[in-house]
Number of protein chains: 2
Amino acid sequence: MVKRVTIVDVARRAGVSTTAVSKVLREAYGTSPQMRSRVRAAIDELGYRPSAAARALRGRTYTIGVMLPDVRNPFFADVLDGAADHLAGSEYQLFMASSCDDEESEARVADAMIDRSMDGVILIAPISARSRLEHVARTVPTVVIGRHGNSGAYDTVADDDFGGAGLVVTHLVGLGHRAIAHIEHAETDPVRLAEMPNAVRADGYRHAMRTHGLPEDVVSTSYTREGGYLGTRALLARQRPPTAIFAGADVVALGVLDALAEAGLSAPGDFSVAGYDNIAFASFGPISLTTVDQDGHRIGATAARLLLDRIADPARPTTQVRLSPKLVVRHSTAGAAE
Amino acid sequence: MVKRVTIVDVARRAGVSTTAVSKVLREAYGTSPQMRSRVRAAIDELGYRPSAAARALRGRTYTIGVMLPDVRNPFFADVLDGAADHLAGSEYQLFMASSCDDEESEARVADAMIDRSMDGVILIAPISARSRLEHVARTVPTVVIGRHGNSGAYDTVADDDFGGAGLVVTHLVGLGHRAIAHIEHAETDPVRLAEMPNAVRADGYRHAMRTHGLPEDVVSTSYTREGGYLGTRALLARQRPPTAIFAGADVVALGVLDALAEAGLSAPGDFSVAGYDNIAFASFGPISLTTVDQDGHRIGATAARLLLDRIADPARPTTQVRLSPKLVVRHSTAGAAE
DNA sequence: GTGAAAGCGCTAACAG
DNA sequence: CTGTTAGCGCTTTCAC
């Protein structure tokens, strides 16, 4: 293995001290123009890049960690893109790690980021207890995406899931549907019931249904394709199935369509189906899913911005950003059969 | 921000030297049972975790970097799962970073991993020049996934893309098709033509067509949904379109189906369509795509195994693992119309 | 404006 | 078996 070029090599080549090189590197105060150019020249000639690992011990690592719950959910790709775009051109590098939908693995991932002295972390839709998130946030600048509770320890960026669910219900009611079922991600923990996007969407659904004077009809499974499949099977087994199904996430809606196809049914002919997230596949011709776009790109970019601000000033008061979603009407929803 | 517990705190608490703590941590030679238990107790009481950042300067970081070209391609999720599963239980933590389909961003990502003293890197389907890959491999233990050339500097894990393409052609020929088009990812660089999976698949297609005495019919676009869409539009515009379309990747096949749907056509009624990768959506009811499964999970697990072996012994000779793909027949392919 | 020196948390020689 | 000591590559006082 090749030996790395270090700051000492650069200093020797430029005929200056390592301190000087360090200052030029960080554009710190106290360097003359001619020293800067000599150091820069030496850096280029030698192909020097500072060791982030060594920097970690004293200063920054220029590393930001993103914890995401599920590599497969394409919605998170949009969030990542947004964060990456915001960070492009800066010295920061994004690294992601996925957790496995349980608190222990979330803790392991967050600890791993802390142990590696990352300068900041973005946690996407974490399920961990509030106290745990605050513990992380007290150790490293933290932005939480998706959770609705506000904390004095971390900034948050979330979609208005309550309003977004309302958009879907209103759309379906406008099409003449009255029996509208909602497939949600089962949740029992009281804090998560108040803070997790899935729970807030379910609340928004319930509220909207009540507002329209319609009966609530919630099926609890999980935010996966299988959850949608199982939920739909349960609905189809009823004597009087609903006429419309609002899946809490697009991946769930895919499972709904799976189950319908298996039963020889389709959307919107037999059932209207709507999702949430506007993942790339939602626009896929044969699916053409009506859904809610929560602009993952903007969410990611906002999270990156808040994080850089907090890294710059860890003491600044926390912010909660809530972005407004918009309904994307496609072909999976249509007027209710008489 | 809270101050971290360090090895000094643990040593003081346990009444031993930091060397002793370090040895216990690494299960190194030269510690008595009673010392081990005292140190372990102190670690637990204090909630100590070693700083990977500090370790980086002397020993390992227990960090493995995975560079992937596209977060959106669900096939890579399988590879990641495989690698993560193999690493579960070990001290290693996986971090991923995505590049942007150009050599410069690949270099930036690989350098970022090197700068952070990662113990090893897994590069998924990199497009960089061979010399660049070997440069990386001389700096850090490296496993390359997807590339076919073999190198003395890095291990490789690849699917038998040549054979896999043959499976598809043989399947379609067996169904009675004779006009079979292939949509590939355009490639001009000579090394990539020999090493990249897309190019090898195209070769396998050509070879299989020749073997069956059929005319080659290749459309060059890109391995994206849009590439499939555009390629299909071109095919449909012909006087005599083919009867079957073999897309070089499942995402491409989705674009094919997009274009067909737009033209009021469908698979397998009007055209047989096959893909490659067996991404999760390929099994989605309304799509039900015939495709080739290259077992991403096993590819990822194998890569992780090779990487750990190389980290343990950087001098060992390199290995090239080639995994056999298998055809998954679903409903998007059917007998050719007479 | 510049550089010598100390030290971040850990590991690895080397004595004892 | 155990502890002392010297760094790893960088940043940061603090003299000059």
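In this predicted model, helix 2 of chain B makes the largest contribution to the surface near DNA strand C, with five residues. Helix 2 (18-26) and helix 4 (52-58) of chain A, along with helix 2 (18-26) and helix 4 (52-58) of chain B, each provide at least two residues of that surface. In total, 25 residues surround DNA strand C, and the closest are S17(A), G30(A) and L57(A) from one chain, with I7(B) and S22(B) from the other. Sorted by class, the surface near DNA strand C holds eleven polar, nine nonpolar and five charged residues.

Turning to the two protein chains, chain A can be laid over chain B by a rotation of 180 degrees with 0.1 Å of shift along the axis, giving an RMSD of 0.1 Å. The two copies are therefore related as by a two-fold rotation axis. Both copies use the same surface, as 100% of the contact residues of chain A recur in chain B.

The contact between the chains draws 40 residues from chain A and 40 residues from chain B. On the side of chain A that touches chain B, at least two residues each come from helix 4, helix 5 (74-87), strand 2 (93-98), helix 6 (103-115), helix 7 (130-139) and helix 12 (250-262). This side of chain A has 25 nonpolar residues, accompanied by eight charged and seven polar ones. Helix 4 of chain A thus appears twice in this account, since it supplies at least two residues to the surface near DNA strand C and at least two to the side that touches chain B.

As for the layout of chain A itself, the chain is divided into domain 1 (7-50) and domain 2 (161-295). The centres of these two domains, taken over C-alpha atoms, are separated by 59 Å.

Definitions and conventions
Residues are numbered from 1 along each chain as its sequence is written. Chains are lettered from A and ligands numbered from 1 in the order in which they are written. This is a predicted model: local features need pLDDT of at least 70, side-chain atom pairs count only at pLDDT 80 or more; totals for chains, interfaces and linings use all residues. A residue is near a molecule or strand if its C-beta atom, placed from the backbone, lies within 6 Å of it. Helices (H or I, at least four residues) and strands (E, at least two) are DSSP runs, numbered from the N terminus. Ala, Val, Leu, Ile, Met, Phe, Trp, Tyr, Cys and Pro count as nonpolar, Asp, Glu, Lys and Arg as charged, and the others, Gly among them, as polar. Domain bounds come from an automatic or database domain assignment. Copies are superposed by least squares on the C-alpha atoms of residues with pLDDT of at least 70 in both. Two residues are in contact if their C-beta atoms, placed from the backbone, lie within 7 Å.
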